[in-house]
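Good morning, colleagues. Please take a moment with the model before I turn to the protein–DNA contacts.

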Protein chains: 2
Amino acid sequence: MTAESAVETLSHPAPDTARDLVERAIDRGAMVTLFGACTVEYQGRAASSLGLGDRHVTLKPDGTALVHTDEGQQPVNWQPPGCDHSVTVAGASLVILSERTTPDEELEIAFETVAHAAAFDVSDPEELAVTGTEADLKERILETPDLVEPGFTPLATERETPAGAVDVYGEDAAGRTVVVELKRRRVGPDAVGQLNRYVDALRRDLHAETEVRGVLVAPSVTDRARQLLAEKGLEFVSLAPP
Amino acid sequence: MTAESAVETLSHPAPDTARDLVERAIDRGAMVTLFGACTVEYQGRAASSLGLGDRHVTLKPDGTALVHTDEGQQPVNWQPPGCDHSVTVAGASLVILSERTTPDEELEIAFETVAHAAAFDVSDPEELAVTGTEADLKERILETPDLVEPGFTPLATERETPAGAVDVYGEDAAGRTVVVELKRRRVGPDAVGQLNRYVDALRRDLHAETEVRGVLVAPSVTDRARQLLAEKGLEFVSLAPP
DNA sequence: GCATCGATTTCGTCT
DNA sequence: AGACGAAGTCGATGC
């Protein structure tokens, strides 16, 4: 990150010229972008094929590959971090190959035409700071347990059960065990199923005479989720992250 | 998508020059990319702040915004399709603002330095064709129901229950109701919870004397998922998408 | 518009 | 490496 960051660009380069730039950029750990008409083939956990069209391709120094069309937030094709990228010229085409193992996956991008190629030297020392997450909601409850209900006492977070870890584990004013499942946003049936699994597991694990309550804490619930809560004898408390 | 796709680029432009290019590109429905040192602020469903660093920014004609660092497949910040993008100059900075309503969300990218700016005219007539999905697994079972078990007869797909839609609904050789939940890959406790919700719901809905079996079809299960299946009296059949 | 669920989910954390 | 659950998840479908 400098006032004059190192940038190398080519407009409508010949395949050989583009290959040289991409090869050098990958070698020195730069970020590469390509734009042009290409086809994309993927094989791995699934398989896909994409006919000729204009796309924007990004190769990151960590081994990520992204193929973006003009629509959508998600790339139309991609490869996760840790892949090996290589570039070759096949006839008049520039071919990008991105591969990895465990699982075996391969992404091939064949540019019939490269309209633009660029290499960027990237320096990014900063970490993203996010608020409004489930972790923030948990802290809020640990600071003010009464928000769950008067007399609630947290005893542990991430307490392990045979069905997984409970977000907040505690007891109510009457000494009954309380399992709290937190969600940062409006919840559906899946969250009720999750809470129910934990309550079930603890009822099995703890002594038979121990009463176990399950409380779902979230900003709101859907109708179906509320129905499922009622059927399972579980409770809901409306609360959002700070 | 032409042999000479329209591409406009600037290296180390002045803020005003970059603003003009970005503004014109947005107006004509082109894809915009920017690279340089910037800060990013987000407020909406959550909130985040990102200090100064080199990033690659993409603005798509459908209103998507993406901010990528040198690491990770996911953008460090973003805005989904449907947002309004605007560009202004504030002092020496180029500021990109991306906004939407329902929910109210705002992303502000302030470039201290623009190392590169580009506008791409995109034409992409092709649709992605994917195989190896859950839908492919479903088709496989409908074609050859014996893969679930000899004598299995599918009666409906996406059959509605009070707990959600069942992937494949049918009956076994003895006439018992069978609920099949499909997963394209190895499954954990969540899938068992899902299947259990459907089975529970149907046992309530159907007459008391009707026996309901639940079968999870996936390539494999985790130990915990297998344990939960056993506790709930549910079954597992190993099968992968074609 | 909301609800539900799949996804080549990705990502972080912990075992 | 695998398991488990969160995510500003996104995206597709149905109501």
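In this predicted model, Q74 of chain B uses its backbone to approach DNA strand C: an N or O atom of its main chain lies 2.9 Å from a phosphate oxygen of the strand. Two further contacts to phosphate oxygens of DNA strand C involve side chains. W78(A) places a polar side-chain atom 2.9 Å from such an oxygen, and for E181(B) the corresponding distance, again from a polar side-chain atom, is 3.1 Å.

Let me widen the view to the surroundings of the strand. There are 28 residues around DNA strand C, and those that come nearest are R45(A), R186(A), T222(A), R224(A) and R184(B). Which parts of the strand do the contacts involve? Of the atoms of DNA strand C that come within 4 Å of the protein, 83% belong to sugar and phosphate.

What is the make-up of this surface by class? Near DNA strand C there are eleven polar, ten charged and seven nonpolar residues. As for secondary structure, β5 of chain A, residues 77-79, and α3 of chain B, residues 189-205, each contribute at least two residues to the surface near the strand. The largest share, three residues, is that of α3(B).

Finally, a remark on annotation. An unreviewed UniProt entry lists residues 134-242 of chain A as the domain "Endonuclease NucS C-terminal". In the model, that span of chain A is 34% helix and 31% strand, and its end C-alpha atoms lie 10 Å apart.

Notes: Residues are numbered from 1 along each chain as its sequence is written. Chains are lettered from A and ligands numbered from 1 in the order in which they are written. This is a predicted model: local features need pLDDT of at least 70, side-chain atom pairs count only at pLDDT 80 or more; totals for chains, interfaces and linings use all residues. Side-chain values use heavy atoms; hydrogens and water are left out. UniProt positions are given in the numbering used here, feature names are shortened, and annotations may be inferred rather than shown by experiment. Helices (H or I, at least four residues) and strands (E, at least two) are DSSP runs, numbered from the N terminus. A residue is near a molecule or strand if one of its heavy atoms lies within 4 Å of it. A polar contact is a pair of N or O atoms within 3.5 Å; within protein, one must be able to donate a hydrogen and the other to accept it, and residues adjacent in sequence count only if both atoms are side-chain atoms. Ala, Val, Leu, Ile, Met, Phe, Trp, Tyr, Cys and Pro count as nonpolar, Asp, Glu, Lys and Arg as charged, and the others, Gly among them, as polar.
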